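Q: Got a minute to look at this one with me? I'd like to go over the aromatics and then the surface.
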Amino acid sequence: MAAAKAESAPSTAKLVMLVVAWYVGNTFYNVYSKKASSMMHAHWFIACAQLVVGIVISLFLWGTGIRKAPNLNANDIIACLPIGLFACLAHGGSVLAAAVGAVSFAQIVKACEPAFAALVGVLIPPADMKPFLAYLMLIPIVGGVGLACVKEGKGVEINVEAFMYASMANMAAALKGKFGSSVTKSLKADSSKNMDAANVYAVMNIISFFCTVPFVVINELPTLQQEYEATIEKHGFEPFIYNLLMSGFCFYIYNEFAFAFTAQVGAVTSSVLNTAKRVIIIVVSSVVFAEPMERNTVMGSAIAIGGTFAYSLASKKAAPKAKTA
């Protein structure tokens, strides 16, 4: 038994490799995505195109036999539809938030994701109650984001549009976690489905694409051709396509490594490292895009991210179960 556990335990080198690939991919994704969305003001299209890149990668891996293709029936796919829909809204909200505002601001607001997850966990049955200390940690998270929005000498200054899109991404991510965990666990448990962490993400990515298409059609299709032509005329074909394809590639790769890491160590450890990841993205985006970081912004983001870190650790201890007669 001990030998079996030792064999199944991931090596430190493998975990470090997964984290590095996750962080690097995520950081470059945010940079390339911001550049692409700054060039072309059709942001749902940008989000949709990024998902297409991931689909091409998945089909290549399945078609060449490098990775076993999922073996899903109609009921399995129907069960996955809510996950894909919420993934679509989480991805789209993140792209739009960074497109209409600063990448650093979007990341600061997304640090509030635990607050949304806690709310969803309490309001939607079955209730997922966290330890009391975890709920206390929501205070510095929300307070830190609020402080980051206070500009010296100007008072509260919020990019409302970016804030709403980032909040939409937070809520969608919380709902995806709530409704998706049981579905993905059951699929992974059935070895005949070939649904390991990589294929779970690949299937979710495909469904997310089909859910994103209607947003493109409704919001951007009438002016999409004009936007594309204006983009090519102003920025050139190669720079735009390069940033678009690289953002899609990095998005798929970083998510695949993040899913693989979570499968190895569990959601709590992954959540802690996801918090640290935001610090890197905020610093890099501030440098690359010359985004101003005032004192309140730095302090507020540090408090919010620190609160998220503490929330992840506090959530590790199971909440006391109600006694039954």
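Q: How many aromatic pairs does the structure hold?
A: This is a predicted model, and it holds 13 aromatic pairs. One of them is Trp-22 with Phe-261, a tilted pair at 5.8 Å centre to centre with 40 degrees between the planes.
Q: Where do Trp-22 and Phe-261 sit along the chain?
A: In distant parts: Trp-22 is in helix H2 and Phe-261 is in helix H12 (residues 237-265), 239 residues apart.
Q: Is Trp-22 buried or exposed?
A: Trp-22 counts as buried because its relative accessibility is 2%, and the cut-off for buried is under 20%. Phe-261 is buried too, at 3%.
Q: What about Tyr-201 and Phe-259?
A: Those two form a tilted pair as well, with 5.2 Å between centres and 50 degrees between the planes. That pair also links distant parts of the chain, with Tyr-201 in helix H10 (residues 197-219) and Phe-259 in helix H12, 58 residues apart. Tyr-201 has just 1% relative accessibility, so it counts as buried.
Q: Back to Trp-22: which residues form one aromatic cluster with it?
A: Tyr-23 and Phe-261.
Q: OK, switching to the surface. Which residues make the nonpolar patch?
A: Val-16, Val-20, Val-24 and Phe-28 make it, and the patch covers about 330 Å².
Q: Where is Val-20 found?
A: In helix H2, which runs over residues 12-39.
Q: And why does Val-20 count as partly exposed?
A: Because its relative accessibility is 46%, and partly exposed lies between the 20% and 50% cut-offs.

Key. Residues are numbered from 1 along each chain as its sequence is written. This is a predicted model: local features need pLDDT of at least 70, side-chain atom pairs count only at pLDDT 80 or more; totals for chains, interfaces and linings use all residues. Side-chain values use heavy atoms; hydrogens and water are left out. Patches are made of residues with over 30% relative accessible area and no salt bridge: like charges are joined within 9 Å, nonpolar side chains (Val, Leu, Ile, Met, Phe, Trp, Tyr) within 5 Å. Accessible areas come from the Shrake-Rupley method with a 1.4 Å probe; for residues, only the protein chains shown count as cover. A salt bridge is a side-chain nitrogen of Lys or Arg within 4 Å of a carboxyl oxygen of Asp or Glu. Helices (H or I, at least four residues) and strands (E, at least two) are DSSP runs, numbered from the N terminus. Buried means under 20% relative accessible area, exposed over 50%, partly exposed in between (1.4 Å probe, protein chains only). Rings of Phe, Tyr and Trp (its six-membered ring) pair if their centres lie within 6.5 Å; planes under 30 degrees apart count as stacked, over 60 as edge-to-face and the rest as tilted.
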